[in-house]
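Hi,

Here is the structure I promised to pass on to you. Have a look at it first, and then read on for what I found in it.

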Amino acid sequence: MRTLELLAPAKNLECGIAAIDHGADAVYIGAQRFGARAAAGNSIEDIATLCQYAHQFGAKVFVTVNTIIYDSELEDTLQLVDELDKIGVDAILVQDMGLFSLLKQRKEPLRCELHASTQTDNRTAEKVKWLFNQGFDRVVLARELSIEEIHNIHTALIGQAPSLGRAGGEAFPLEVFVHGALCVSYSGQCYASHYCFQRSANRGECAQFCRLAFTLKDANGKILESERHLLSLRDMTQINNLEKLADAGASSFKIEGRLKDVDYVKNITAAYSEALNEVVRRNPEKYRRASFGKCTYTFTPNIQKSFNRGFTTYFAEGRKQGLVSFDTPKAMGEPVGKVKEIRGHSFNISTTTSFANGDGLCFLARGCVSGSFPREGGEWGSSLVGFRVNKVEGNRIFPLRMPESLKPGTMLFRNLDQAFITLLSKPSSERKIDIAFHI
């Protein structure tokens, strides 16, 4: 029987505890320095507190030390790893192979595991085998792999287990991304931010170059696209592919988002935890969760209600259309209906959705730029327009300010659900461990 692990992001201690409470089997968090998100650092004391909390449920804490390390930083990095090991973290994610070599050469072995970060560009069976052969305990696969490619890597590892001194599928833990933002380039292989802005993604300082607007010209200088987000990918979701990924050999399912707030962590973790529980329920002889404790929620998890740029399964089932969000790199949210008619400073909307004061609505202002890409459904979009709901009377919406470009027939999206946010702002989950008394 194989264990399946839901791995959630933690920007800070609050997010880490929320992830555990909402069903995560493990969380990953950045220390004060050397993580791949410069804006998400945490003290040793906070990480120690998170470890104590997580271990009550058999859950684990992984720490990211996955930037490229300069020679002048090696001593500080090794000291940081020592401190993390002493407080009981379960694993450290590493990109820098020089750092990894020094950690493996220690006289006293680390108690925690060492995981090969996705930044080490892990997309072939040969590379993954090499990493395990070097002594890594887990490999985080590239986001770009299909389910079939993951299966082929897993099968190749099992076939070569004797030569690596390992036995069984559990000996080769493969971690895959299942939700969150996508890079247009291979992880660890993008240098655009450093080239253009002197901010290296491999040092945790990505300027998100791929979210900018670009003008595309042909060889003769003719403008084909003007100010479009040509490199901005939609967000990944594999919530309907978890069983296929497990059957392919994945054992850890990773949610991206170490810069996301606690509401995001609560909702997305709960949604994937419920989905993973369903996989286990259907396959009790094959799979079990990696930690224990049953979660009950005060809300209904819904991945559409948290930040997303529109969803894609990326290359999971082969290369398909609909990967890019050409019109905006911002969150559009869930579709809620079309504008029926506009009257003065209010409008009517054709929908069964309920609204609340404070909701955030948005739409794509139509009006195509010459040569621009059509949206799905044949509509043209150029820019995202957002506004707040000031008052609601049934299906009549009174915006704080009426957008000039709003017209009858416009499809509206809700990217801020005030009632949902209010639910998440309160204690929203309880995780309890079953016990049996024999008296």
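In the hairpin of S8 and S9, 5 residues lie between the strands, and Gly221 has a positive phi near 90 degrees. Please keep in mind as you read that this is a predicted model. The two arms of that hairpin, S8 (residues 214–217) and S9 (residues 223–228), run antiparallel and are joined by 3 bridges. If you want a place to start on the pairing, Phe214 stands opposite Arg228 in S9.

Next, the barrel. It is closed by 6 strands, and going round you meet them in the order S15-S16-S19-S18-S17-S20, with antiparallel pairing. From one strand to the next, the twist averages 50 degrees.

I spent some time on S17, which covers residues 360–365. How many of its 6 residues are buried? The count is 6 of 6, so to speak, and the strand is mostly covered. On one side of the pairing, S17 is joined to S18 (residues 383–393) by 6 bridges, and these two strands run antiparallel. Leu364 has Leu384 as its bridge partner in S18. S17 also pairs with S20 (residues 411–416), again antiparallel, through 3 bridges. There, Cys362 has Phe413 of S20 as its bridge partner.

Elsewhere in the barrel, S16 (residues 346–350) and S19 (residues 396–399) run antiparallel, with 2 bridges between them. Asn348 is the residue that stands opposite Arg396 in S19.

Now to the helices, where two pairs caught my eye.

H3 (residues 74–86) and H4 (residues 97–104) have axes that come within 11 Å and cross at roughly 55 degrees. The two are therefore oblique to each other. The crossing of H3 past H4 is right-handed. On the H3 side the contact is made by Leu74, Thr77, Leu78 and Val81, and on the H4 side by Leu99, Leu102 and Leu103. Sorted by class, that contact of H3 with H4 has 6 nonpolar residues, 1 polar and no charged ones.

The other pair is H5 (residues 125–134) with H6 (residues 147–159), which pack at an angle of about 45 degrees with their axes 9 Å apart. H5 and H6 are therefore oblique to each other, and H5 passes H6 in a right-handed crossing. Which residues meet where these helices touch? From H5 they are Ala125, Val128, Lys129 and Phe132, and from H6 they are Ile153, Ala156 and Leu157. The class count for the contact of H5 with H6 is 6 nonpolar, no polar and 1 charged.

One last residue to look at is Thr118, in the loop between S5 (113–116) and H5. Is Thr118 buried or exposed? With a relative accessibility of 5%, Thr118 counts as buried. Leaving aside residues up to four places away in sequence, Thr118 touches Val140, Leu141, Ala142, Arg143, Phe177 and Ser187.

That is what I have for you. Do write back once you have had a look.

Best wishes

Terms used. Residues numbered from 1 in each chain as written. Predicted model: local features only at pLDDT ≥ 70, side-chain atom pairs only at ≥ 80, totals over all residues. Heavy atoms only, no water. Pairing = 2+ DSSP bridges. Helix = DSSP H or I, 4+ residues; strand = E, 2+ residues; numbered from the N terminus. Axes fitted to C-alpha atoms, helices over the stretch in contact; angles between N-to-C directions. Parallel < 35°, antiparallel > 145°, perpendicular 65-115°, else oblique. Left-handed = near helix turned anticlockwise from the far one by under 90°. Contact = heavy atoms within 4.5 Å. Nonpolar A, V, L, I, M, F, W, Y, C, P; charged D, E, K, R; others polar. Buried < 20%, exposed > 50% of the residue type's maximum accessible area, 1.4 Å probe, protein only.
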